[in-house]
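Thank you all for coming; please have a look at the chain on the screen, and then I will take you through some of its parts one by one.

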Amino acid sequence: MEWNVMDPKKILRDNNPFCSNSAPQPWGNNDYDVPSICAGPFDNLFKLVKAKSENPELPIGILIKGENGSGKTHLLARILKKCSDEKVNAFFVSIIPIFASSKPMDHLNREIITSLGKNIPGRPRYTQIHRLITEVLREYVSKENGIPNINQKIEDNQWFFFLPQKDKQAEAQILADNAIAWLVGEEVRVSNDFLRALFAYCNDLKRHIARKWLYGERLDEKESKEIGVTYHAKKIAEDVHEQIMFDRILSITALAARYHLTIIICFDQLEDLSSENQRTAFGQMIQTLVNFCPGTLPVVLSRMRYWDTGLKPFLNTSVIERVEMNSFAIMGCSPDQVDEILQGRIKSKFPEKWIELYNWLSNELKKNLFQNNIGTLSPREVIIKANKIILNNQQIKKVNPLDILSLKFKEATEELRCLEPTKWSLSKEQLLSATSLYFKGIGWHVTTSTDSKKYIKISNKNEKAVILINTESNYQTVGGYFTEGIKLINKNKDQFCIIIADPRCTLSKKSWIATGKKQKEFANKGGYVYSPHYADICRFYALDNLRRNVVVGDITYETLDGSRNVTLEDLNLFIKTPEKFGEVLLSIPPKNIPLPPQCDHIKNVLTDLLRTGPSFIADIDYIHKELIKTFPISLDSLIDCCKSHEDDFKLIPTGSGLTIMLYGSSATC
């Protein structure tokens, strides 16, 4: 770069280190950390994490209070790094604050299991579930006789149990059965079914079934038998289901506590809890974690006043005492910390010649702000003010909140598209929220039902429709949606009826005869099943994430008169502006609906895809991610298709996941 020190403003504007003030995810990289910010809360917080790790039964929670941009999320990121550096076994669970208020345990369980299923840093082949199973086996073989041929190998290599060993499969199963029976006798809070599901999760051929069970989805009789859990033929009432989810949370947290794995459960963006019922349900989650769940450390992130006025009235007194006992307030930056923020960001872009740029920007910032703002600016405000100094007035005038929303929406969508489909949660509530928001944004009248199936009714001058959302893969649940859809059509034949199904769900199998008949009847009566491409369903979830960020004030921009939050009015205008929002999320009546692929079609596409890879073999998660870009397909359906074409495809367990190999005549180009 050619330097003109006389124009530092132009240099910084061309490669601006202050154009983003977004906080990172706690588990993401943090390039701009300033250790002195929140140093006191950080030290005390880490001591609590260590104390919880050493004494998992300690009933404590943590409250971190601070305004938007004050550094709450950065603080958590720093704690996670410290845990890694000091070999403290801990991982984060981030609870999205949108859920059915009648099912808080279901939501909490699903988010914990999703986080447990993420890869261990530095061990990309294994998850936290694998880690827990290794601890079970190592304790068992150290205290009991175990299997002589396997004991020493497990002691030498904690991951040995998961390595594919055809000649040791029978012995490995005996070892697993014995370890389960032993631990159930040792730890009464951990159920037999739960342990069997965890062991099945570590079996590459059974993981997709075990994952469904762990999430709380109902299995059919064949699936239950395959992973060795109890089969429930009758439909389970919602309150009974909640108790079952509570028992599973207790099982996983008791197991984590036994092996000193601390589960740090973060509740953020709580301003999005829009109803009293949801805030009460949040209180039930905190009470459950503090009073009943060892090994968990709930962390509540809240604005200063919102904790007192919006949350405390819905919490049990004893829980409030436990949480407020470890309360930390994050205040504004000192002048030295402001300097550290400026230096860190400028050095990241200009590592060799940063000093001149820093001196100029620091002086400009002090001239504008420090006389009246010492100690009051949050890190985010410092970044925003620095960005305003760097930009000229013409650039600031051109800032359009719709452009900001467009960029954030694309980023959020792309972030989800890059994830493996099984690594993030399906959420009926998020899809309901996004669908409702979209149609309100484009001017439709929207109401939401309050019954158990919970559907959306929309209307405008010309059309009426009712929309149901499915995020499950159980034949009885799926069949129930088709039955409900048929009832709604019969009740009002002048409205369209649409079932939006997350493409990661299974909607049909050959063995689902009754469900298949209901699906045909639903279609014959004019019902639509919209199971979009993966990229399109990501837009639904990204839209709800964007809405939540707007509600809690996390998206800001600079004007000539100061900083301004993007509002819900801006978001509605963004949705109804096609050149900003992009393609229609869902048209009424639906158009260009992706058809569920037949098994032969899946076979042909899968064959072509495998032929492009080395040795005609590929990881099944990669294959699933590629296929779901083309047509809606669940992981279950992909595995079923491979099994039904066993002359063409071979499923190979590797110890860290399934691979699919093309062989036989199909492997000949």
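Helix 4 and helix 11 cross in the left-handed sense, where left-handed says that the near helix is turned anticlockwise from the far one by less than a right angle. The numbering of helices and strands that I use follows DSSP runs from the N terminus, with H or I over at least four residues for a helix and E over at least two for a strand. Two packed helices are described by the angle between their axes and the distance between the axes. For helix 4, which covers residues 104–116, and helix 11, residues 238–258, the angle is about 35° and the axes are 8 Å apart. Axes here are lines fitted to C-alpha atoms, for helices over the stretch in contact, and angles run from 0 to 180 degrees between N-to-C directions.

On the side of helix 4 the contact includes Pro-104, Met-105 and Ile-112, and on the side of helix 11 it includes Met-245, Phe-246 and Ile-249, with contact meaning heavy atoms within 4.5 Å. By class, nine nonpolar, two polar and three charged residues take part; Ala, Val, Leu, Ile, Met, Phe, Trp, Tyr, Cys and Pro count as nonpolar, Asp, Glu, Lys and Arg as charged, and the others, Gly among them, as polar.

I should say early that this is a predicted model, in which local features need pLDDT of at least 70 and side-chain atom pairs count only at pLDDT 80 or more, while totals for chains, interfaces and linings use all residues. Residues are numbered from 1 along each chain as its sequence is written, and side-chain values use heavy atoms, with hydrogens and water left out.

Let me turn to the cavities. How many cavities of 30 Å³ or more does a search of the whole structure find? There are four, and a cavity is a set of points, on a 1 Å grid over the protein atoms alone, where a 1.4 Å probe fits but cannot get out, its lining residues having an atom within 4 Å of a point. The largest has a volume of about 240 Å³, volume being the space filled by probe spheres set on grid points that are joined across faces, edges and corners. Its lining has 18 residues, and the closest to the centre are Arg-211, Lys-212, Thr-422, Leu-426 and Arg-504. Helix 9 (207–215) and helix 28 (635–644) each give two or more residues to this lining, and helix 9 gives the most, with four. The lining of the largest cavity divides into six nonpolar, seven polar and five charged residues.

The second largest cavity holds about 70 Å³ of space, and among the residues that line it are Ile-113, Tyr-201, Arg-211 and Thr-422. Helix 4, which we met at the start, and helix 9 each supply at least two residues of this lining.

Now to the sheets. Strands of a sheet pair through backbone hydrogen bonds, either parallel or antiparallel. One open sheet has three strands in the order 15-17-16, with antiparallel pairing, and two strands count as paired if DSSP finds at least two bridges between them. Strand 15 (617–619) and strand 16 (649–653) are at the edges with a single partner strand each, so one side of each is left without a neighbour in the sheet. Strand 15 and strand 17, residues 658–662, are joined by three bridges, and Ile-617 stands opposite Met-661. Helix 27, residues 620–627, packs on this sheet and touches strand 15, strand 16 and strand 17, while helix 28 touches strand 16 and strand 17.

A further open sheet has five strands in the order 8-9-10-11-12, and its pairing is mixed. Strand 8 and strand 9 (residues 456–459) run antiparallel and are joined by four bridges, with Thr-447 opposite Lys-457. Helix 20, residues 428–441, lies across strand 8, strand 9, strand 10 and strand 11, and runs at about 155° to strand 10.

Finally, strand 13 (residues 556–559) and strand 14 (residues 562–565) pair antiparallel over four bridges, forming a hairpin with two residues between them; in this pair, Tyr-557 stands opposite Arg-564.

Conventions:
On a 1 Å grid over the protein atoms alone, a cavity is a set of points where a 1.4 Å probe fits but cannot get out, and a pocket is an open set with protein on both sides within 12 Å along at least five of seven lines; lining residues have an atom within 4 Å of a point.
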